[in-house]
Amino acid sequence: MPPPRIHHSLASQLSQLTLHSTRPRLPPQPCIPQFLVPSIKPSSAIRAFSTTPTLHNWLAPKAGESRKSRKGRCRVPTGGSMRGTTVVWGDYGIRMRDHDRRISASQLRIAEETIKKRLRGMKFRMYMRVAATIGVYTSGNESRMGKGKGSFDHWTARVAVSKIIFELKGDLHEQVVRDAFRLAGNKLPGLYEFVKKGDPPVMGLTKVGVNGVTEADLKRARKKLPLEETAARLPSSTPGTLPLSATAVSAATTTSAPA
């Protein structure tokens, strides 16, 4: 049986039908040559834009050292500096109180882990006030002199006297923080003390503003000049007499006692 024939008018209507998608039609894109398209390949080194600063490692410098560091000593300013002796960002801190030390990066890391382990489960934020940026180089045993400084061994930090090392901020009880800093101080070389925000600064080993001690008093020369010591030993001048001159004071010091 032959197939049924379709009327020519219906065939013409079917030929005029078209398919349309529901998506909106985009305007035609300009044709850009391929050599003008930047050839940037996705890589793990490319970081998306973010306002959050990158985290730096405080236990080792990012760029290393351009030359080998010497052993050196802590740079303690002689002009009466009190920088780094008070709590700045946190509420509590741990401060060195004996003398300058050279603390290795492993010791600082162990102290940090000790504090975090003691305060596990609590909300707090810790600040590190020192950084291990000094390289320590060692040579093998029984090495002759003149064979060089040696190879790199570890990173270390020079911590001067009365410097804050760690700070803590958060909803923490003071006794809990004291215990955490006590455990951390046992892992570090030297003696340490617990300080709070608002405690007086320290110049050397003396607290400024305590017992009437001022910054001007600490900056004044401790040792008197020889002329001032001699004038202090001589009796004071009575009214009506002229004060002793510098020549008379020097002459009095040169005279010898009678036999």
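In the predicted model, glutamate 113 is joined to arginine 109 by a salt bridge whose closest N and O atoms are 3.4 Å apart. Both residues belong to helix H2, which spans residues 105–118, and their spacing of 4 residues corresponds to about one turn of the helix. Each partner is partly exposed: the relative accessibility is 43% for glutamate 113 and 35% for arginine 109. This contact belongs to a set of 10 salt bridges found in a search of the whole structure.

A further salt bridge connects arginine 129 with glutamate 167, with the closest N and O atoms 2.3 Å apart. Here the pair links distant parts of the chain, 38 residues apart: arginine 129 occupies the loop between strand E3 (124–128) and E4, while glutamate 167 is in strand E6. Arginine 129 has a relative accessible area of 24% and is therefore partly exposed. Glutamate 167 counts as buried because its relative accessibility is 0%, below the 20% limit for that class.

Within helix H3 (residues 174–187), aspartate 179 and arginine 182 are 3 residues apart, so about one helical turn separates them. These two side chains form a salt bridge in which the closest N and O atoms are 2.5 Å apart. Arginine 182 is partly exposed, at 45% relative accessibility. Through salt bridges that share partners, Arg118, Asp179 and Arg182 are joined into one network.

Aromatic contacts were examined next. A search of the whole structure yields 6 aromatic pairs. One of them is formed by tyrosine 137 and phenylalanine 152, in an edge-to-face arrangement with 5.8 Å centre to centre and 75° between the planes. This pair links distant parts of the chain, since tyrosine 137 is in strand E4 (residues 134–138) and phenylalanine 152 is in strand E5, 15 residues apart. Phenylalanine 152 also pairs with tryptophan 155; this second pair is tilted, with 4.9 Å centre to centre and 55° between the planes. Tyrosine 137 is buried, with a relative accessibility of 18%, and tryptophan 155 is likewise buried, at 18%. Phenylalanine 152, by contrast, is partly exposed, at 40% relative accessibility. Elsewhere, Tyr92, Phe181 and Phe194 form one aromatic cluster.

The surface carries patches of charged and of nonpolar character. Lys71, Arg73, Arg75, Arg102 and Arg158 form a positive patch. Among these residues, arginine 102 is located in strand E2 (residues 101–104) and is partly exposed, with a relative accessibility of 38%. A nonpolar patch of about 310 Å² is made by Leu10, Leu14 and Leu17. Leucine 17 is situated in the loop between helix H1 (8–15) and strand E1 (92–96), and its relative accessible area of 63% places it in the exposed class.

Positive phi values occur at serine 162 and asparagine 211, neither of which is a glycine. For serine 162, phi is near 65°; this residue lies in the loop between strand E5 (151–159) and strand E6 (164–170). Serine 162 is buried, with a relative accessibility of 3%. For asparagine 211, phi is about 60°, and the residue is found in the loop between strand E9 (206–207) and helix H4 (215–219). Asparagine 211 is exposed, at 77% relative accessibility.

Notes: Residues numbered from 1 in each chain as written. Predicted model: local features only at pLDDT ≥ 70, side-chain atom pairs only at ≥ 80, totals over all residues. Heavy atoms only, no water. Patch = residues over 30% accessible without salt bridge, like charges linked within 9 Å, V, L, I, M, F, W, Y side chains within 5 Å. Areas by Shrake-Rupley, 256 points an atom, 1.4 Å probe, with all protein chains shown as cover. Salt bridge = Lys/Arg side-chain N within 4 Å of Asp/Glu carboxyl O. Lys, Arg positive; Asp, Glu negative; His and termini not counted. Charge placed at Lys NZ, Arg CZ, Asp CG, Glu CD. Helix = DSSP H or I, 4+ residues; strand = E, 2+ residues; numbered from the N terminus. Buried < 20%, exposed > 50% of the residue type's maximum accessible area, 1.4 Å probe, protein only. Phe/Tyr/Trp six-rings, centres within 6.5 Å; stacked < 30°, edge-to-face > 60°.
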